[in-house]
Amino acid sequence: MNVIVELEKPLLELEAKIDGLKKLNETQRVDFTAEIRALEEKALQLKAEIFGNLTPWQRVHVARHPKRPLALDYIGRLDEFAELHGDRDFRDDPAIVAGLGVLGGVPICVIGEQKGRDTKENLYRNFGMPHPEGYRKAERIMKLAEKFRRPLVTFIDTPGAYPGIGAEERGQSEAIASCLRTLSGLRTPVVVNVTGEGGSGGALAIGLGDHIVMLQHSIYSVASPEPAATILWRDATKAEEAAKRLRLTSDDLFEFGIVDEVLAEPLGGAHRDADVVIASVLAADRRAIERLSKIASDELLDRRYEKYRRMGSHLEIPHDRAAR
């Protein structure tokens with residue numbers, strides 16, 4: 001059960017009451033303005049109490065909120081998008097959406113990890129957990145980006161790569177490693193967006209880039225809290241403790257130099273004003289593409305190499321990073 005969804009219930013009830021009074025105000029002769037104002041102040045106070053100081057575990061649940069914008073919500077706001085299917089080897093993987101797009105008039109290639117909104121769609125998308133063929137499809141798009149000299153934009157939102165027997169038989173780890181190898185040497189700008197969950201190698205496979213943007217309440221980690229707790233303590237119920245120790249929040253990751261730009265979310269999370277959040281992410285991508293496209297490909301590769309060599313060290317990180 002999503003912790004944040006439970007915490008939100010009193011707030012949603014209060015907001016429904018406010019909406020009801022506003023409709024009555026429009027149709028009835030009685031003036032409810034004072035009552036509406038009082039309830040709005042109470043709702044704002046309640047929202048601040050719930051979301052003002054979230055723990056790492058609560059932020060995990062904000063990142064997993066069922067109404068949070070998904071990859072296709074961002075892709076749908078591009079100027080143009082043509083989806084490409086299949087890995088040219090086994091089959092198409094709906095957990096990865098990929099294709100050719102246009103952002104701010106600039107032709108780009110796009111890769112996104114896509115979850116579902118309901119049970120039926122989640123089953124179709126495999127809950128956003130890609131199979132090896134999904135990563136091989138992603139790698140195909142990466143190579144197209146280089147071939148046609150298009151910047152590559154990716155959207156990370158997965159609990160991790162699918163760990164099933166079939167996926168392992170078809171080379172899950174090799175497919176992820178191959179994506180990382182391709183990204184590390186890609187001679188075109190790579191902009192990465194962590195918009196929801198960034199779990200394990202499933203996220204990292206499309207996460208090696210020149211500029212990494214992360215939403216305030218997204219998470220990005222070597223493992224999701226539940227499997228990490230199972231590995232460390234053999235007890236999945238210690239996931240809250242694991243979330244604290246994994247240092248998976250945007251604050252931690254910006255401090256470590258793992259991400260380059262953190263975008264603020266509305267009070268309550270990205271789902272509270274999805275249009276504004278989507279516009280903010282795409283604007284950040286446009287800025288990054290404009291800057292990176294001015295850099296010669298050889299220098300771009302050198303900078304990418306140095307960026308990842310610095311991670312985990314105590315050296316100063318002298319690159320363009322911004323918290324917004």
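# Cores, aromatic pair and helix α14 in a predicted model

In the largest nonpolar core, which has 31 residues, the members that touch the most others are I111, M142, L152 and Y220. At least two residues of this core come from each of β2 (96-103), β3 (106-113), α6 (132-147), β4, α8 (172-184), β5 (190-199) and β6 (211-215), and α6 gives the most, with six residues. The model described here is predicted, and a search of the whole structure finds one aromatic pair and zero disulfides.

**Nonpolar cores**

- Leaving aside residues up to four places away in sequence, I111 touches I96, V97 and A98, then A138, I141 and M142, and also L152, V153, T154, F155 and I206.
- Another core lies apart from the one that holds I111, and its 25 residues include V191, V281, A288 and L292.

**The aromatic pair**

- A search of the whole structure finds one aromatic pair, formed by Y74 and F155, whose rings are stacked with 5.4 Å from centre to centre and 20° between the planes.
- This pair links distant parts of the chain, since Y74 belongs to helix α4 (residues 71-75) and F155 to strand β4 (residues 152-158), 81 residues apart.
- Y74 counts as buried because its relative accessibility is 0%, under the 20% cut-off, and F155, at 1% relative accessibility, counts as buried as well.
- F155 is also one of the residues that I111 touches.

**Cysteines**

- The search for disulfides over the whole structure finds zero, and for C109, which is in no disulfide, the nearest cysteine sulfur is that of C179, 14 Å away.
- Seen from C179, the closest cysteine sulfur is the one in C109, and the 14 Å between them is too far for a bond, because a disulfide requires the two sulfur atoms to be within 2.5 Å.
- C109 is buried, with a relative accessible area of 0%, and C179 is buried too, with a relative accessible area of 0%.

**Helix α14 and what follows it**

- Helix α14 (residues 297-310) has 14 residues, and from its first C-alpha to its last it reaches 20 Å, close to the 20 Å expected at 1.5 Å a residue.
- The buried residues in this helix include the leucines L300 and L301 together with R304, K307 and R310.
- An α-helix has 3.6 residues a turn, so residues three or four places apart point the same way.
- Among the elements that cover the buried residues of α14 are α8, β5, β6 and α13 (274-292), and three of these elements, α8, β5 and β6, each also supply at least two residues of the largest nonpolar core.
- K307, one of the buried residues of α14, places its charged end over the ring of Y308, at 5.9 Å from the ring centre.
- Just after α14, G312 takes a positive phi of about 90°.

**Positive phi in residues other than glycine**

- F127, which lies in the loop between α5 (119-125) and α6, has a phi near 55°, a positive value in a residue other than glycine.
- With a relative accessibility of 40%, F127 counts as partly exposed, because that value falls between the 20% and 50% cut-offs.
- S200, found in helix α9 (residues 200-204), has a positive phi of about 60° although it is not a glycine.
- The relative accessible area of S200 is 34%, and this residue is therefore partly exposed.

Key:
Residues are numbered from 1 along each chain as its sequence is written. This is a predicted model: local features need pLDDT of at least 70, side-chain atom pairs count only at pLDDT 80 or more; totals for chains, interfaces and linings use all residues. Side-chain values use heavy atoms; hydrogens and water are left out. Rings of Phe, Tyr and Trp (its six-membered ring) pair if their centres lie within 6.5 Å; planes under 30 degrees apart count as stacked, over 60 as edge-to-face and the rest as tilted. Helices (H or I, at least four residues) and strands (E, at least two) are DSSP runs, numbered from the N terminus. Buried means under 20% relative accessible area, exposed over 50%, partly exposed in between (1.4 Å probe, protein chains only). A charge sits over a ring if NZ of Lys or CZ of Arg is within 6 Å of the ring centre and within 35 degrees of the ring normal. A nonpolar core is a set of buried Ala, Val, Leu, Ile, Met, Phe, Trp, Tyr and Cys residues joined through side-chain atoms within 4.5 Å. Contact means heavy atoms within 4.5 Å. The expected span of a helix is 1.5 Å times one less than its number of residues.
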